[in-house]
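Reader: Before I trust any label on this entry, I would like to see each one set against its cut-off. Could we go through them in turn?

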Amino acid sequence: MKYQNNLSYAQQLDAKDPLSYLRDQFHIPKDKNGNDWLYFTGNSLGLQPKQTQKYIQQELDDWAKYGVEGHFEAKNPWLPYHEFLTEKMAKVVGAKPLEVVVMNTLTTNLHLLMVSFYQPTKTKYKIVIESDAFPSDRYAVQSQLKFHGFDAEDGLIEWKPRKGEDLLRIEDLEEIVKKEGDEIALLLIGGVNYYTGQYLDIKKIAKIGHSKNCFVGIDLAHGAGNIQPNLHDSGVDFAAWCTYKYLNSGPGSLAGLFVHEKHANNKDLPRFAGWWNHNKETRFNMRMPFDVMNGAEGWQLSNPPILSMAAIRSSLDVFDKIGMDALRQKSEKLTGYFEFLINEINSDDIKIITPTNPKERGCQLSIQVKNADKSLHQKLTKNNVITDWREPDVIRCAPVPLYNSFEDVYRMVTILKELL
Ligand SMILES: *Cc1c(COP(=O)(O)O)cnc(C)c1O
């Protein structure tokens, strides 16, 4: 695609964009004078769909009207409420409905999944993560090692970029597993790296892990609603993701969990139990011996918060109407334009560390600015440009195809160029 570096061209792209109408369905934060922020942190906290208030209000109203009877009498009965989310969420991540459930929060889900899929023995106990793994994932894994009586340093293997490089190479993971696979119990990898924006080939990762009988889990916090991970086909054993980033479901909202169909009926997997992963038919009998449910629902523990799920329902309805294919199509174009404009700045001080191949990234670009410090980020913020700063010198920016425009991207880069 050949792009042009001027405002009217950016506006033309918006005019031709079949999804541009969606921006108006979101609350775009504004400055004191009523100007829209240039919001590039949908990878941190996605913006609020305007209809979400209605979805939450419905549940508040039904709670007021019915009290406990709302579990059955509410317009959207609370008892099966999580089931209203399953099919649409499964579509977003390319899974079968049986494989997906919305529950808990992300780090909690990772732990619950490791109860089942981290089964260390004396000789096969190590865990592989990326060296730039999100801190919560690293802490979670370290604490699992310690919980099982292993040394967190000895037990943790880091898949690192090569010296002088920013991105991970799949051959290096292959090498790690080839050499140390007999000692490795689990690979837990971020599908889209939060720092570099690199989208890894999770199907290949699954194959590599399984070649040495390691379980493979994927953290999709930066993938869900951004890229199309085709979880079922990838063959990974499990995955988890939050819904407050690209899935626009509100701060701290509930998370998604995926367990591959091949494990759906395996009642021998170790797991924690509560009344919500007990067989629905006899759940309220209250005196039955524990009888675990099939599929991802068999990992639930508690009856979930309806107000949070109402926000997720609202958001998934938006995703479902458009479909990930159309979203990805726009996303590649929007990020492509962003990349083009950054490259037009033509400065040796600026480097995009995210892969240039659209198949190896989502919407985020991570821009390294030589000799910059946090003051650059503060100046951007003063100019209504909301980005995310990562020490020592990286600005992470995510143009989100649901609500960011080509004009947003053009204006953002113009401001960045002036500040440099
Ligand atoms: C955002 C994010 C988290 C946050 O975890 P919570 O349990 O939702 O607080 C964890 N891991 C990754 C990779 C993330 O991007």
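Reader: What makes the pair between a nitrogen atom of the ligand and the side chain of Asp219 a polar contact?

Author: The nitrogen atom of the ligand lies 3.2 Å from an N or O atom in the side chain of Asp219, and a polar contact is a pair of N or O atoms within 3.5 Å, so the pair qualifies. The model is predicted, with local features requiring pLDDT of at least 70 and side-chain atom pairs pLDDT 80 or more, while totals for chains, interfaces and linings use all residues. Residues are numbered from 1 along each chain as its sequence is written, and side-chain values use heavy atoms, leaving out hydrogens and water.

Reader: Which distances put His222 and Tyr244 in polar contact with the ligand?

Author: An oxygen atom of the ligand is 3.1 Å from an N or O atom in the side chain of His222, and for Tyr244 a polar side-chain atom lies 2.6 Å from a ligand oxygen. Of the 390 Å² of accessible area that the ligand has on its own (Shrake-Rupley method, 1.4 Å probe), the protein covers 82%.

Reader: How do you know that the structure holds zero disulfides?

Author: A disulfide is a pair of cysteine sulfur atoms within 2.5 Å; the cysteine sulfur nearest to that of Cys363 belongs to Cys397 and is 10 Å away, so Cys363 is in no disulfide. Cys397, whose nearest cysteine sulfur is that of Cys363, is likewise in no disulfide.

Reader: Why is Cys363 called buried?

Author: Its relative accessible area is 0%, and buried means under 20% (1.4 Å probe, protein chains only), so Cys363 meets the definition. Cys397 is also buried, with a relative accessible area of 0%.

Notes
A polar contact is a pair of N or O atoms within 3.5 Å; within protein, one must be able to donate a hydrogen and the other to accept it, and residues adjacent in sequence count only if both atoms are side-chain atoms. Buried means under 20% relative accessible area, exposed over 50%, partly exposed in between (1.4 Å probe, protein chains only).
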